[in-house]
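Biologist: I should be grateful for a close look at a single helix of this chain and at what surrounds it. Please set the account out as one connected description.

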Amino acid sequence: MGTTHNDEIYTRVRVDPRASGFSGSASAPTLEVPERKIVAVDHPCILLNLENGLKSFGPKPNFQKLVDDVQEPQALPLWFRPDNPASKPIVSHHAATNNVLLKITVPKRTGRKRKRGSAQPFSTDAYAGMRDDVALASQPTSVGSVGRRDHPKRILRKLQDNSDRYQVEAVGMIRDSHRYRGLADFQFANTNTPFLKNVAEHLLPLSFSKLRKFKLEEGVATDLGLEIIPPPHFTDKVIGFNYNYEQNPGIIDQGLDEDGETRLINRQGRNRFSYGHFIHHDAFPAPDRPTRMDGEAQKIPESLMEQLRVALNKRPIWTRRAIVNQVRGNYTESVLKVALQLMGYQFRGGPFRDAIVKYGVDPRHDPKYRQYQTLSFKLAKNLVGSTKLPWQTIRRGQVKSYTKNEDPKSHLWDGESYSTDGKLWQICDITDPFMLELIANAPVRTECDLGESGWFFRGTWQKIKAAMKAKMIAIAKDRLGSDSDDPPKKGYIYNSFIASRLALYPDDSEKPFTVSLEGLLRPLQDLAGRKRRRPPLLRDRKETGTTPEGSAANEGDVEGEPNQWFLERNDDDAEASSPDRPWENIVGTDVEDEDGAVEEDEM
C-alpha cells in the first residue's frame, strides 16, 4: 500500500449488495455503476513493474481494438521475451464476464505504531518493511494493487484500522475479459547464433550504413552446430491435458517381500480367470498341472470337464476351435475359458503355437506329435479407416468367441472351402488329398525346430504354408479349379500348377527362404489383365545366382536343379511388386501371421 493521504485499491468482485464494506449501517448501501466500457486483461505473470508488463504486449500494442464494438472478439498477443524479435507470442482468448471494478480508498498509514493510549515513542511497522512506504509517502497518490503492494495482511490491517473511514466507488462493469490459458509454444534459442546476430545487427535497425556492411559467408558449411531455420511452430497443442493420475483402486499392498520391496497385488484384471500356463516355445519343462484350483475353478460343471477329459485322452493336442466343437451343451464363454486352462497349457510361439496341450505331454520330444503342429494365416485385411464404420464396430467383429460354432467341422480343412471363425489349423485336421500327399512324403527331422518348423524341415514347412495360402486365396476368389476340368479354365488355380511350382523348392532345406507366393498366384494375375514380362533369354542368364541351399549357381546348371536366380528372374515365377494386387484385399500377403495375435484372447 502507499503512504500518501489517500491510498486507492482497485479490485474486481462479483456483483453483491453486501460488498460495500460499510459495517456501521443497518443495511448494505446501494452503489450506482456508471455506464463505462471496461475490458480486463489477465496478465499471466506477476507484475512487479508496470512498464515491463506493458512492454510484454509488443512495441505498439493495440488495446483500442479490445474496446471497439466488433462482431468477432479480438485477441491480444503477449511475448514473454519482448526484447527478442524471434520469440513466439501466446494469444489471449475472450471470455464474457459479469464483474464490477471497485475503487476502495483508505487513509494512509505512516508506517509507525505504538500502543493505544500510551505516550511511548513510535516504532516501525512490521509490515512497513515489505514495501518502501517512506518512498511512497512523497507520491501524491498511490495505487495499492500495482507492484504487489496489496499484501493480504496489509489490506486486512488497513480495513480493520479504518472500518468507518474508507470509501467504496463502483468504477464500472467488466463485461469482457482477455485471459491467457493456452500453452506457450517451444521457443528457439537464438542468443548464440552468429547468423541471427548478424541479421539483428545490420538489418533490423533499417540503417543504410549498416545494411551495406551485411555480408554472407561464401561456400557450404559442414561444421558441427550448423544453424538451421526453425519451423514456424513446434507444436499445435495449445490446451494442456489433465491427466488426473491416480493409483489403480484394484491394487492392494501385501506388505514387503523377501527382498524388502513392496508387494502389490491386482485384485481385478486377468488373475481372476488365470489358471493355465502360456509358455514360450523354448521354455522347459512343460507344465503338468494348472497354476491353481480355487475360485472359479470350483464352479466348472463336471459334465464339461468330463467331455474335455475324454477329448484330450483321445487326442492330446487340439486347437481351441476344434476342441470346443467336440463339446455338447450350452456353456458360457467364461466357463469354457477357465475349463480349457484347467485341462491344458499353451505355447506363445513355435510350431505348436496357441494349441491346447494336455498337461504332462511335451510334443517337442517325439516326432509322432508333428501331426498336431499348427498353421496360422491372415484371413482378412480389414483396416480401420477404410470404411465409414467406427473402429469399435470393426474390432468387435474381429473378436472371436469361445462359444460353440454352428458347424461342428469348422476346424477341418478340405481344400475346397474353409470356415472363417478362426485362423488356426492343425496338420491332422487337413483332409485335402493334395495336401495329405505333400505331408506324407515330407522328410522328418531328428530334432525338433523349436522356433519355426517343428519336426518338418523348413523347406517342407514353407511349401505346406504356401500351398494352403494359395488355395485359400483361390477359394475366396472362387477361382479354384478341379484337375478333372478339360480343358483347364483360364484364370483358375489347379493342384497340378501348385505342385509344379513347389517342385522347384527342396524339401529338406534348412536355409531360411520363402516360397514365392506370387508365382503360385500367377493365374489370378493373368485374370486381372496384367501384362506378362518377356522371359529372359538364355544368353541373358550369365549372372550368378543363389540357390535356397545357399550354394552358388553359375551358367550351365542342370535344368532339373532349381536355383534362386531362376525363381527371381523367370517371368513365370518372379514376384511382381505391384500396389494393385487384387487378392490383397481378401487375404494378407504373408504366408503365415508370424507376428499376429492369437486366435482368440489368451487363456
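Modeller: Two residues are taken to be in contact when their heavy atoms lie within 4.5 Å. With that cut-off, the cover over the buried residues of helix H9 includes H7, helix H8 (320–324), E14 and E15. The model is a predicted one, and H9, at residues 333–343, is the part described here in detail.

The setting comes before the detail. The chain has 603 residues, of which 37% are buried, and it contains 16 helices and 21 strands. Among contacts with a separation of 6 or more, 68% are between residues 24 or more positions apart.

Within this chain, H9 is largely enclosed by the rest of the structure, because eight of its 11 residues are buried. A residue is called buried when its relative accessible area is under 20%. The buried residues of H9 are Val-335, Leu-336, Val-338, Ala-339, Leu-340, Gln-341, Leu-342 and Met-343.

One part of the cover is helix H7. Two packed helices are described by the angle between their axes and the distance between the axes. Helix H7 spans residues 302–314, and its axis comes within 10 Å of that of H9, the two crossing at roughly 45°. H7 is therefore oblique to H9. The crossing of these two helices is right-handed. On the H7 side, the residues that meet H9 are Leu-304, Met-305, Leu-308, Arg-309 and Leu-312. Their counterparts in H9 are Val-335, Leu-336, Ala-339, Leu-340, Leu-342 and Met-343. By character, the residues of this contact comprise 10 nonpolar and one charged, with no polar residue. Val-335, Leu-336, Ala-339, Leu-340, Leu-342 and Met-343 thus appear both in the contact with H7 and among the buried residues of H9.

Another part of the cover is a sheet. H9 lies across E14 and strand E15 (356–358), and runs at about 90° to E14. These two strands belong to an open sheet of four strands with mixed pairing, in the order E12-E14-E15-E13. Strand E12 (278–279) and strand E13 (317–318) are at the edges with a single partner strand each, so one side of each has no neighbour in the sheet. E14, at residues 344–347, runs parallel to E12 and is joined to E12 by two bridges. In this pairing, Phe-278 is opposite Gln-346 of E14.

Other pairings in the chain complete the picture. Strand E9 (residues 167–179) runs parallel to strand E2 (residues 38–42), with five bridges between them, and Val-41 stands opposite His-178 in E9. E9 is also joined by 11 bridges to strand E5 (residues 93–107), in the antiparallel sense; here Leu-102 has Ala-170 of E9 as its bridge partner. Strands E10 (residues 251–256) and E11 (residues 262–266) are antiparallel and share four bridges, one residue of E10, Ile-251, standing opposite Asn-266 in E11. E10 and E11 form a hairpin with five residues between them, and Gly-260 in the turn has a positive phi of about 85°.

As a contrast to the buried residues of H9, consider Glu-406, which is exposed with a relative accessible area of 82%. Glu-406 sits in the loop between helix H10 (391–398) and strand E17 (424–426). Its C-alpha atom is 8.7 Å from that of Asn-325, although 81 residues separate the two along the chain.

Conventions: Residues numbered from 1 in each chain as written. Predicted model: local features only at pLDDT ≥ 70, side-chain atom pairs only at ≥ 80, totals over all residues. Heavy atoms only, no water. Axes fitted to C-alpha atoms, helices over the stretch in contact; angles between N-to-C directions. Parallel < 35°, antiparallel > 145°, perpendicular 65-115°, else oblique. Left-handed = near helix turned anticlockwise from the far one by under 90°. Nonpolar A, V, L, I, M, F, W, Y, C, P; charged D, E, K, R; others polar. Pairing = 2+ DSSP bridges. Buried < 20%, exposed > 50% of the residue type's maximum accessible area, 1.4 Å probe, protein only.
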